[in-house]
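Visitor: Could you take me on a close look at one part of this protein? I'd like to understand how its inside is packed.

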Amino acid sequence: MRNRALLALVVVAAAIFVFGVAGLIVSGRQSSDADFVAAPRGTPAPGGPQTLQLRPGSSPEPSPVSSPEGSPDETAAAYFQAWVKSDYDAMRDLVDDPPDDFADEHREFEDAALSKSLRITVGNLVRTGDETAEIPFTQERDEQDAGTWRFDSSLRLAVRDLTWKVVWTPSVLHPEIQPGGSLVRTEPEAGPLRPVTRTGRELPQNSGADAYLDNLMNQGVAPTTGVAVGWALEVDNPGMPAKTVLSYKPEKRPVGVRTTIDYATQAAAARALDGVQRGALVAVRPSTGEILAVADRLGDRAAFERKYPPGSTFKTVTAAALLSGGLSPDSTVECPAVYQIPFNRPIHNYQNEDHGTVTLRQAFALSCNTSFVRLTIERLNGDTLVDQARAFGFGVSEESAGASTCGSMRRPENQDALAEDSFGQGTVEATPLCMALVAAAVESGEWRPARPLADEASQGELPQSVPLPSNVAEGLRSLMSAVTVDGTAAGSELPQGVAGKTGTAEDGKGGQDHAWFIGYQGDLAFAVFVEHGGTGRGAAVPIAARFLKAL
């Protein structure tokens with residue numbers, strides 16, 4: 001008797017040990033919303049191999065001693081346990097006659113779903129026959145952006161070769177998937193994105209900046225193949241239209257690739273050039289080097305890439321060298337109608353104007369060529385002017401015009417060449433962008449390179465900024481203010497508080513003169529250029545006035 005009792009206890013204990021997990025499955029039948037697994041996809045759940053978590057107050061009950069075929073609960077428990085661990089080999093061993101691509105079908109499903117975690121909740125197991133059973137379950141998947149994706153499936157089981165096996169079809173993965181079908185992720189495209197302003201607004205019509213924005217796209221800064229707007233999960237079954245089972249659309253669709261362009265500034269620049277056939281206006285922020293507007297009627301991105309003689313606007317650079325050499329805005333200078341370079345050529349003022357003895361401030365305001373040539377010949381040399389030009393972003397070459405995309409000049413070979421360079425003729429050339437940066441340096445007291453037009457682009461290796469000596473910056477501000485108060489831009493319709501410098505540059509090819517006006521107002525610097533426009537006062541200043549008054 002004692003031996004029989006002992007044997008009975010051993011059998012019961014063995015049953016509880018062997019069917020412990022299946023017992024937890026059975027308890028799920030009493031509480032159909034008991035969590036079976038709560039773990040990130042592909043990783044074991046906390047607590048070791050037994051990952052079933054019961055509701056508070058519930059307790060596992062051992063199942064009866066199984067028949068020789070085992071228990072459907074055991075098989076289901078092992079299958080679900082392997083599933084959440086992405087152990088497809090273990091799952092395959094539990095399936096009756098699994099397809100050759102069993103593991104691949106699961107991997108493709110997970111690759112499409114991109115679930116961050118997976119939870120399986122087991123329902124009531126139903127015996128559909130002596131050797132068949134079915135157990136419903138719910139998958140809960142955490143999807144990026146879309147939250148929880150929840151859907152119901154069922155697992156069918158049957159006895160095969162005296163063992164309970166899973167009778168698998170693709171509907172176990174998702175009830176809508178039929179044999180040969182699959183889950184597919186689609187990402188619809190919004191079409192190619194256009195660059196937009198700094199605030200995400202579309203640029204104004206006929207802005208004059210299209211060539212620059214197209215260039216950004218050609219360089220790969222802006223996407224050209226379209227940008228995904230949300231996503232969808234679709235079941236694709238053979239011979240049937242795809243069916244969406246989950247989708248996500250962001251509340252805010254992408255509007256475009258942001259640039260540094262400011263909408264109001266760009267609109268004002270574009271309208272200021274209305275009626276001008278060959279001109280450009282570039283505006284920058286002195287404190288940062290950001291390009292706020294580029295309206296170009298010259299074509300081929302000439303405002304950034306084509307160099308022209310800057311004429312008297314380059315006197316700003318020459319004046320900086322003179323101020324560094326000891327002169328002040330109040331220094332007395334001569335402004336005769338003609339200045340004869342010793343043993344060289346004569347230099348004339350515009351229309352042979354003779355202003356007599358004036359201050360440096362007045363000579364700058366009246367744009368006296370003779371004053372600046374004489375001061376350059378007597379107080380500067382080629383090296384001094386070259387070094388000052390470099391500080392304002394000009395590339396300098398011994399043999400040619402240099403490779404700088406801003407401005408360039410050759411080292412003067414003699415006094416005649418030095419004289420011409422001092423007032424922006426000779427070998428000196430600059431883009432409108434370059435001269436806008438010169439004006440910006442005066443306002444901020446520091447020359448800064450222009451930032452890339454695409455606000456999201458890498459800055460790369462931009463040239464270092466160059467601070468101006470404080471006396472030079474203050475002196476240049478005094479000189480440029482005089483231009484608009486009682487100089488060549490006085491009496492125009494420029495708003496108060498604008499400082500600048502006019503320029504009239506000889507074409508060098510026999511055409512009409514080019515017109516320039518550079519300046520600043522607050523944290524806004526600009527350059528206006530009109531190809532073959534005549535004088536800076538007559539052609540460029542009115543454009544600047546329209547531009548600034550529209551802001």
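Guide: Sure, let's start with the packed interior and then step out to a few strands and loops. Keep in mind that this is a predicted model.

So, who sits in the middle of things? The largest nonpolar core has 109 residues, and Val 284, Phe 392, Phe 394, Leu 476 and Phe 547 touch the most other members. Helix α14, residues 432–444, gives the most to this core, with 10 residues. As a general point, nonpolar side chains tend to be buried together in soluble globular proteins.

Pick out Leu 476 on your screen. If you skip its neighbours within four places in sequence, Leu 476 is in contact with Thr 316, Ala 319, Ala 320, Leu 323, Phe 392, Val 442 and Leu 468. Phe 392 is another of the residues that touch the most other core members.

Thr 316, Ala 319, Ala 320 and Leu 323 lead us to helix α9, where they are among the buried residues. This helix covers residues 315–324, and 9 of its 10 residues are buried, so the rest of the structure largely encloses it. Even Lys 315 is on the buried list, along with Val 317, Thr 318, Ala 321 and Leu 322. Just after α9, you come to Gly 326, with a positive phi of about 120°.

Now go back to Phe 547, one of the residues touching the most other core members. Phe 547 also helps helix α16 (residues 536–549) meet helix α7 (residues 263–272). The two helices pack at an angle of about 145°, their axes 8 Å apart, and the crossing is right-handed. On the α7 side, the contact uses Thr 265, Ala 268, Ala 269 and Ala 272, while α16 brings Ile 543, Arg 546 and Phe 547. Sort the residues of this contact by type and you get 5 nonpolar, 1 polar and 1 charged.

There is also a second, separate core of 37 residues, which includes Val 95, Ile 120, Phe 137 and Leu 183. Leu 183 falls within strand β7 (182–186), so let's follow that strand. An open sheet of 3 strands runs in the order β7-β9-β10, with antiparallel pairing. β7 and β10 (243–248) are at the edges with a single partner strand each, so one side of each has no neighbour in the sheet. From one strand to the next, the twist averages 20°. Between β7 and β9 (residues 231–236) there are 5 bridges, and Ser 182 stands opposite Asp 236. Helix α5, residues 102–113, lies across β7 and β9 at about 25° to β7.

For a neat pattern, try strand β14, residues 332–335. Its side chains alternate: Val 333 and Cys 335 point to one face and are buried, whereas Thr 332 and Glu 334 point to the other and are not. β14 pairs with β17 (residues 356–359) in the antiparallel sense over 4 bridges, and there Glu 334 has Thr 357 as its bridge partner.

Last stop: two loops. Most residues other than glycine have a negative phi. Leu 162, though, has a positive phi near 65°; it lies in the loop between β5 and β6 and is exposed, at 58% relative accessible area. Asn 206 also has a positive phi, about 50°. You'll find Asn 206 in the loop between β8 and α6, exposed with a relative accessible area of 59%.

Terms used:
Residues are numbered from 1 along each chain as its sequence is written. This is a predicted model: local features need pLDDT of at least 70, side-chain atom pairs count only at pLDDT 80 or more; totals for chains, interfaces and linings use all residues. Side-chain values use heavy atoms; hydrogens and water are left out. Two strands pair if DSSP finds at least two bridges between them. Axes are lines fitted to C-alpha atoms, for helices over the stretch in contact, and angles run from 0 to 180 degrees between N-to-C directions. Contact means heavy atoms within 4.5 Å. A nonpolar core is a set of buried Ala, Val, Leu, Ile, Met, Phe, Trp, Tyr and Cys residues joined through side-chain atoms within 4.5 Å. Buried means under 20% relative accessible area, exposed over 50%, partly exposed in between (1.4 Å probe, protein chains only). A crossing is left-handed if the near helix is turned anticlockwise from the far one by less than a right angle, and right-handed if clockwise. Ala, Val, Leu, Ile, Met, Phe, Trp, Tyr, Cys and Pro count as nonpolar, Asp, Glu, Lys and Arg as charged, and the others, Gly among them, as polar.
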